[in-house]
Amino acid sequence: MAKDIEYSEKYCDDYFEYRHVILPKSMKSEIPRARLMTEKEWRSKGVTQSRGWMHYMIHQPEPHILLFRRPIGTDPRTGKAAPDWDPPMADLSEEEKKAWLHGPIPSNNAKLTNHKQCQNEMINDENKNSINKNKSYY
């Protein structure tokens, strides 16, 4: 079933990188409709991605499409945001604050830096993908 899961490319705004994951429609009944899934739940469905991704919104018309986000510059090994990340506090759930933040909340505004970092990460991902597509496997 994990082979039938589709992952979007990452896309960004000033604070977050996003991606959506499309589960097979046959799994629709296994997806909660009234609450977000925990990391343990979505991993148990076969979703595999680096640390820091949070299921942040339910796509009502198609609940088998899971919407994820994480701070730009998240350490993929720890799941923590970069220490200088300036979060939009009003938009964060308590679970997101607990998962992503460490220490006092930064007071500087790092939006532009974060956005440029995300663009650079996307360019690096595209370069890796084009290199992998050009490889031939026997």
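How many aromatic pairs does the structure hold? The structure, which is a predicted model, holds seven aromatic pairs. Ring pairs join Tyr-11, Phe-16, Tyr-18, Tyr-56, Trp-85 and Trp-100 into a cluster. Two of the pairs are described below, followed by two arginines that lie over rings.

**Tyr-18 and Tyr-56**

- The ring centres of Tyr-18 and Tyr-56 are 5.6 Å apart and the ring planes are at 55°, so this pair counts as tilted.
- Tyr-18 belongs to strand S3 (residues 16–22) and Tyr-56 to strand S4 (residues 54–58), so the pair ties together parts that are 38 residues apart in sequence.
- Tyr-18 has a relative accessibility of 11% and counts as buried, because the cut-off for buried is under 20%.
- Tyr-56 has a relative accessible area of 22% and is partly exposed.

**Trp-85 and Trp-100**

- The planes of the Trp-85 and Trp-100 rings are at 90°, with the ring centres 6.1 Å apart, so the pair is edge-to-face.
- Trp-85 sits in the loop between strand S5 (65–71) and helix H2 (94–100), while Trp-100 is in helix H2, so the pair ties together parts that are 15 residues apart in sequence.
- Trp-85 and Trp-100 are both buried.

**Arginines over rings**

- Arg-69 lies over the face of Phe-16, at 4.1 Å from the ring centre; Phe-16 is also one of the cluster residues.
- Arg-19 lies over the face of Trp-53, at 5.5 Å from the ring centre.

Terms used. Residues are numbered from 1 along each chain as its sequence is written. This is a predicted model: local features need pLDDT of at least 70, side-chain atom pairs count only at pLDDT 80 or more; totals for chains, interfaces and linings use all residues. Side-chain values use heavy atoms; hydrogens and water are left out. Rings of Phe, Tyr and Trp (its six-membered ring) pair if their centres lie within 6.5 Å; planes under 30 degrees apart count as stacked, over 60 as edge-to-face and the rest as tilted. Helices (H or I, at least four residues) and strands (E, at least two) are DSSP runs, numbered from the N terminus. Buried means under 20% relative accessible area, exposed over 50%, partly exposed in between (1.4 Å probe, protein chains only). A charge sits over a ring if NZ of Lys or CZ of Arg is within 6 Å of the ring centre and within 35 degrees of the ring normal.
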